[in-house]
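Work through the exercises below with the sequence and the model open. Each task is followed by its solution in steps.

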Amino acid sequence: MSGRIPPPPPTVTVDPLGTPNIPIRRVAEARSPIIVGAGPSGLAVAASLHRLSVPSIILERSDGIADLWRHRAYGRLFLHLPKAFCQLPHLAFPAHFPTYPSKADFVQYLHSYAHHFSLHPIFGCTVVAAHFDPAVSLWRVTTVWHHLSGRPVQSNSPSQMSESLSESSRSTSEESVGSSAEPEELLEVVEYVSPWLVVATGENAEPVVPKLKGREEFKGSMLHSSEYKSGKEYKGKRVLVVGCGNSGMDLCLDLCEHGAMPFMSVRSAVHVLPREMFGTSTFGLAMKLLKWLPLRMVDRFLLTVARMVIGNTEKYGLKRPELGPLELKNITGKTPVLDVGALTLIRNGRIQIVLEVESLTSNGAKFVDGREMGYDSVVFATGYRSNVTTWLQDSDFISEGGKPKTPFPHGWKGKNGLYCVGFTGRGLPGASADAIKIALDIAESWKKKYPERKNFVL
């Protein structure tokens, strides 16, 4: 990159913590792509770039990689797909891992993955704004660094990043940004500039909790599934689980195993499939059949076998959608439930199916059919949403829902060096495929910008 990148005009300010007029303290020139997010998607892009000898900068708001998996996933979580479909590019799961790795297994794998490819995210670094500056054809990414005990939470120091980053300006003030911060946590605002920006914050950045009437009246405990750890504390209690996806089913199963009485609120139709068919994974079987048969024919096959294996789910209150499971997934992103034991408990009445919640009451819930029931706790297994629109500015590539407007498989690349990974609605396999495409595309332009540097092919 020729010359120094000018800082933004003096009037440019950010308001990351509700404090007005916090000046940008320093501007840093990045000679490599900026990746926002150190989850599986961000790591996959960084590793693929590493294989092409392209350095990258990973910015992560939490204190470590895969925050969702480490801190916001329930204890009994297992991957619902076999490990062969969930491994990230260029590094397989260890052979001794089970077919369906646990949460702990997957986190261990991600740490090994980062170590293997020498990936060093900057932790405690929250992106609060990003926009493309046409005057210099660069992305300006404004971040707030959280310094704990006077030291930035990062896995490598700025001096170790000299290959990728150089400071181009600094304000005259040396005081810490954000005077209202606690003594052990100092804040610093840093703006990174780069020709490439990779959005890897994914579809599951922020929990979604429905705004039910009567929430203020309910006297029991309420939490989102991201806060749920184990059913131990619910022994002997009546628990309403709102949501009937894979998470809702898993939580109900866990609650049963710990002696609680779960009730699952079902608002819409849902496909429930056995996790395995004919001794192999249902997902793997579907992928093989799709190579030879039309999607709708594969859907009919899956539903026929599912009815033979698990019976008619509608008589238990789980109505199936009109569209088949694969077609519905492609159109809406709604994933079918892969049963790991909850359906048996539904059949024998240990997990009770209830209708959509109309409102909460002081001691329970009222349903759309007018019936009321009492509960000790409510757990919202209502999923997550993207947060991209809260910080990515002036981009016509992203929808109001925080996902690329361009449908799969072309939603990974926008304009002016903007890329998105982890927004396909196809989980880890989709993220891995897009990560490789993004790395190859960036490497091509990086090679032209820095022709003296070596590049390798994946």
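**Exercise 1. A parallel set of strands**

Task: In this predicted model, find how strands β14 and β15 pair and over how many bridges.

Solution. Start with strand β14, residues 238-242; β14 and β15 run parallel to each other and are joined by five bridges. One point of register is Val 242, which is opposite Ser 265 of β15. Next, follow the chain between the two strands: from β14 the path goes through helix α5 (residues 246-257) and on to β15, a β-α-β crossover that is right-handed. Then turn to β20, which also pairs with β15 in the parallel sense, over three bridges. Here Phe 263 has Gln 352 of β20 as its bridge partner. Last, check burial: β15 covers residues 261-265, and four of its five residues are buried, so the strand is largely enclosed by the rest of the structure.

**Exercise 2. A residue in a loop**

Task: Locate Glu 356 and decide which residues it is in contact with beyond its neighbours within four places in sequence.

Solution. Glu 356 sits in the loop that connects β20 (352-354) with β21 (357-360). Its relative accessibility is 30%; buried would need under 20% and exposed over 50%, so Glu 356 counts as partly exposed. With neighbours within four places in sequence set aside, the contacts of Glu 356 are Ser 265, Val 266, Arg 267, Phe 367 and Val 368. For Arg 267, 89 residues away along the chain, the C-alpha to C-alpha separation from Glu 356 is 4.6 Å.

**Exercise 3. The two sides of a helix**

Task: For helix α7, establish which residues are buried and which are exposed on the other side.

Solution. Helix α7 spans residues 295-310, 16 residues in total, and extends 22 Å from first to last C-alpha, close to the expected 22 Å. The buried residues of α7 are Val 298, Asp 299, Leu 302, Val 305, Ala 306 and Ile 310. Viewed down the helix axis, these buried residues of α7 fall within an arc of 135°, so they line one face. On the other side of α7 are the exposed residues Arg 296, Arg 300, Arg 307 and Met 308. Now ask what covers the buried residues: the elements include β16 (272-274), β17 (276-277), α6 (282-290), α8 (325-332) and α9 (342-347). Approach the packing from α6 as well: Thr 282, Gly 284, Leu 285, Ala 286 and Leu 289 are buried in that helix, and its buried residues pack against α3, β16, β17, β18 (280-281), α7 and α8. After α7 comes Gly 311, with a positive phi near 85°.

**Exercise 4. Aromatic rings**

Task: Classify the ring pair of Phe 93 and Phe 106, and list the cluster of ring pairs that holds them.

Solution. The model has 14 aromatic pairs. In the pair of Phe 93 and Phe 106, the ring centres are 6.1 Å apart and the planes meet at 35°, so the pair is tilted. Phe 93 belongs to the loop between α3 (83-86) and α4 (103-116), while Phe 106 is in helix α4, so the pair ties together parts 13 residues apart in sequence. Both Phe 93 and Phe 106 are buried. Ring pairs link these two with Trp 69, Phe 97, Tyr 109, Tyr 113 and Phe 117 into a cluster.

How values were computed
Residues numbered from 1 in each chain as written. Predicted model: local features only at pLDDT ≥ 70, side-chain atom pairs only at ≥ 80, totals over all residues. Heavy atoms only, no water. Expected span 1.5 Å × (residues − 1). Buried < 20%, exposed > 50% of the residue type's maximum accessible area, 1.4 Å probe, protein only. Arc of directions from axis to C-beta. Contact = heavy atoms within 4.5 Å. Pairing = 2+ DSSP bridges. Right-handed = clockwise from strand over helix to strand, strands pointing away. Phe/Tyr/Trp six-rings, centres within 6.5 Å; stacked < 30°, edge-to-face > 60°.
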